[in-house]
Amino acid sequence: MLLFRSEEDIETWAGKTGNNRGEAVPLMTVWELGKEWYRDRLDPDFRGLKPDRVRATFQRFGLTSEFWQVP
Amino acid sequence: MTTQPTTHDWAIRTRVYEFFVERARAPRYTDIATEFGISEREARAAYRRLHDAHALLLEPGGDRIRILNPFSAIPTAYTVEVGQQRYFANCAWDMLGIPGMLGTDALIRAKLEVVSKTVGIPVVGGEPQPDRDYLVNFSVPFKDWYADQIHT
């Protein structure tokens, strides 16, 4: 996951590198997503992220396209 | 054959995270063997089981921890300064995940693509204070994240 100034910069980067364009998410949304994703990572009872939780987390932040589908 | 981590392995995982937070580096399995009073062979096997369970990522073909999400055990273009500690993050998501996970203020420094410059993003009062509306681009769909974590 890389940092960009704008959608235009992402297009430029994808064109130059041949990488997939993927999906761009505003930094402050990624901040909130990261807090939820890692909130219990230091907890001794943590046993990994279960698919249901990942699905619910993506849903909460509006990440609902095929790109974010959880197998 | 993949074996699930044991309860003891998960206790090792917890300690690995504590060690990383304290020292901004990953413990070798030999460090863990000493701390837990187990053989190096047992510690190495525990690392392997935790790797297979995606609880950490070992170097390809090796025994050293490469990724302990959100931390990177090797230098990257994303640093997070917390007090006197400087952590490396794996990517532009994890650079936010570190202060988020630790619940602390920080100074993030990150490579900005295309213009190839480093930008600072302070986290103050529990919130990032970016100087503009940056975007984080996810180029790999979620279903493929664990196929190649190093390049995801």
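**Exercise 1. Describe how strand 7 and strand 8 of chain B are joined.**

Solution. Strand 7 of chain B and strand 8 of chain B pair in the antiparallel sense over two bridges. Strands here are DSSP runs (E, at least two residues) and helices are DSSP runs (H or I, at least four), numbered from the N terminus. Two strands pair if DSSP finds at least two bridges between them. Next, look at the residues: Val123(B) stands opposite Pro128(B) in strand 8 of chain B. Last, look at the turn: the hairpin has two residues between the strands, and Gly125(B) takes a positive phi near 60°.

The model is predicted; local features need pLDDT of at least 70, side-chain atom pairs count only at pLDDT 80 or more, and totals for chains, interfaces and linings use all residues. Residues are numbered from 1 along each chain as its sequence is written, chains are lettered from A and ligands numbered from 1 in the order in which they are written, and side-chain values use heavy atoms, with hydrogens and water left out.

**Exercise 2. Find which residue is the bridge partner of Ala106(B) in strand 7 of chain B, and describe the hairpin around it.**

Solution. Start with the strands: strand 6 of chain B pairs with strand 7 of chain B in the antiparallel sense, over seven bridges. The partner of Ala106(B) is Val123(B). In this hairpin four residues lie between the strands, and Val114(B) has a positive phi near 75°.

**Exercise 3. Follow the pairing from strand 1 through strand 2 to strand 3 of chain B.**

Solution. Strand 1 (residues 57–58) and strand 2 (residues 65–68) of chain B run antiparallel and are joined by two bridges. One bridge pairs Leu58(B) with Ile65(B). The hairpin they form has six residues between the strands, and in the turn Gly61(B) has a positive phi of about 70°.

Strand 2 of chain B also pairs with strand 3 (residues 71–72) of chain B, antiparallel, over two bridges. Here Leu68(B) has Phe71(B) as its bridge partner. These two strands form a hairpin with two residues between them.

**Exercise 4. Work out the make-up of chain A and why it is described as more spread out than a compact globule.**

Solution. Chain A has three helices and two strands. Along the sequence they follow the pattern β-α-β-α-α. The radius of gyration of chain A, taken over C-alpha atoms, is 15 Å, well over the 11 Å that the globule rule gives for 71 residues, so chain A is more spread out than a compact globule. The globule rule is 2.2 Å times the number of residues to the power 0.38. The C-alpha trace of chain A spans about 45 × 25 × 20 Å along its principal axes.

**Exercise 5. Describe the interface of chain B and chain A.**

Solution. First, count residues: 47 from chain B and 42 from chain A take part in the contact, which means heavy atoms within 4.5 Å. Second, take the area: about 4,200 Å² is buried between the chains, and carbon and sulfur atoms give 68% of that. Buried area is the accessible area (1.4 Å probe) that two parts lose on being put together, summed over both. Third, check for salt bridges (a side-chain nitrogen of Lys or Arg within 4 Å of a carboxyl oxygen of Asp or Glu): the rule finds zero across the interface of chain B and chain A.

Finally, look for strands that cross between the chains. Strand 2 (residues 23–26) of chain A pairs with strand 9 of chain B, antiparallel, over four bridges. In strand 9 of chain B, Asn137(B) is the bridge partner of Ala24(A).
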